[in-house]
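Notebook open, model loaded. I want to go through the fold, the core and the polar pairs in turn.

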Amino acid sequence: MPAAATDSLATKLKTLRNRLLAEQRELITRAADIDALPSDKTLQKIATLEVAIGAVESLMDEENGVQRTA
């Protein structure tokens, strides 16, 4: 893959990761501000974002030649 395309993908992945993290932080912060357990929907959204963040980070590692061990 050409360097320019890789850099572009790396930048896009970082941007996507940052957006996902920001959304997750916002949900967690709002959940912390209430005096009750967050709704199942909120908890599911936080968990779904965590999975997506992990997937993006895995792809970022793959693009950078980092091998993850399980």
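Helices here are DSSP runs of H or I with at least four residues, numbered from the N terminus. By that rule Q24 lies in helix α1. I also note at the outset that this is a predicted model.

**Entry 1, overall count.** I looked up the secondary structure and found two helices and zero strands. α1 runs 3-33 and α2 runs 40-63. The protein has 70 residues, and 17% of them count as buried. For the surface I got about 5400 Å² exposed, with carbon and sulfur atoms supplying 56% of that. Then I checked how far along the chain the contacts reach. Taking contacts with a separation of 6 or more, 66% are between residues 24 or more positions apart.

**Entry 2, α2 itself.** I tried the length of α2 against its residue count. At 1.5 Å a residue, its 24 residues should span 34 Å, and the end C-alpha atoms sit 35 Å apart, which agrees. Next I asked which residues of α2 are buried. I46, L49, I53, V56 and M60 are. An α-helix has 3.6 residues a turn, so residues three or four places apart point the same way. After α2 comes G65, and I noted its positive phi, near 80 degrees.

**Entry 3, the core.** I pulled the largest nonpolar core and got nine residues. From the list I wrote down L13, L20, L21 and L27, then I46, L49, I53, V56 and M60. α1 and α2 each supply at least two residues of this core. The largest share, five residues, comes from α2.

**Entry 4, L27.** I picked L27 from the core for a closer look. L27 sits in helix α1 and is buried, at 10% relative accessible area. What does L27 contact once neighbours within four places in sequence are left aside? My list reads T42, K45, I46 and L49. I also took the C-alpha to C-alpha distance from L27 to K45, which is 8.3 Å for two residues 18 apart in sequence. Going to I46 from the other end, and again skipping residues up to four places away, I find it touching Q24, L27 and I28.

**Entry 5, Q24.** That brought me back to Q24. Is Q24 buried or exposed? Q24 is buried, with a relative accessible area of 7%; the cut-off for buried is under 20%. Beyond four places in sequence, Q24 touches I46, L49, E50 and I53. I46, L49 and I53 are also on the core list from Entry 3. I then looked for what the polar side chain of Q24 reaches. One partner is the backbone oxygen of I46, at 3.2 Å. Another is E50, whose side chain makes a polar contact of 2.9 Å with that of Q24. The C-alpha atoms of Q24 and E50 are separated by 7.7 Å, with their positions 26 residues apart along the chain.

**Entry 6, salt bridges.** How many salt bridges does the structure hold? I count two. Side chains of opposite charge can pair when their charged atoms come close.

The one I opened to begin with joins the side chains of E57 and R17, at 2.7 Å from N to O. E57 is in helix α2 and R17 in helix α1, so this pair ties together parts that are 40 residues apart in sequence. On accessibility, E57 comes out at 24%, partly exposed. R17 is at 26% and is partly exposed as well.

The other joins the side chains of R30 and E26, at 3.1 Å from N to O. These two are four residues apart in helix α1, so about one helical turn separates them. R30 counts as partly exposed at 46% relative accessibility, and E26 counts as partly exposed at 39%.

**Entry 7, where I stopped.** To keep for the next session: α1 and α2 both feed the nine-residue core. The E57 and R17 salt bridge links the two helices, while the R30 and E26 pair stays within α1. Q24 is the buried polar entry on my page, with side-chain contacts to the backbone oxygen of I46 and to the side chain of E50.

Methods: Residues numbered from 1 in each chain as written. Heavy atoms only, no water. Core = buried A, V, L, I, M, F, W, Y, C linked by side-chain atoms within 4.5 Å. Buried < 20%, exposed > 50% of the residue type's maximum accessible area, 1.4 Å probe, protein only. Contact = heavy atoms within 4.5 Å. Areas by Shrake-Rupley, 256 points an atom, 1.4 Å probe, with all protein chains shown as cover. Salt bridge = Lys/Arg side-chain N within 4 Å of Asp/Glu carboxyl O. Polar contact = N/O pair within 3.5 Å; in protein donor to acceptor, adjacent residues only side chain to side chain. Expected span 1.5 Å × (residues − 1).
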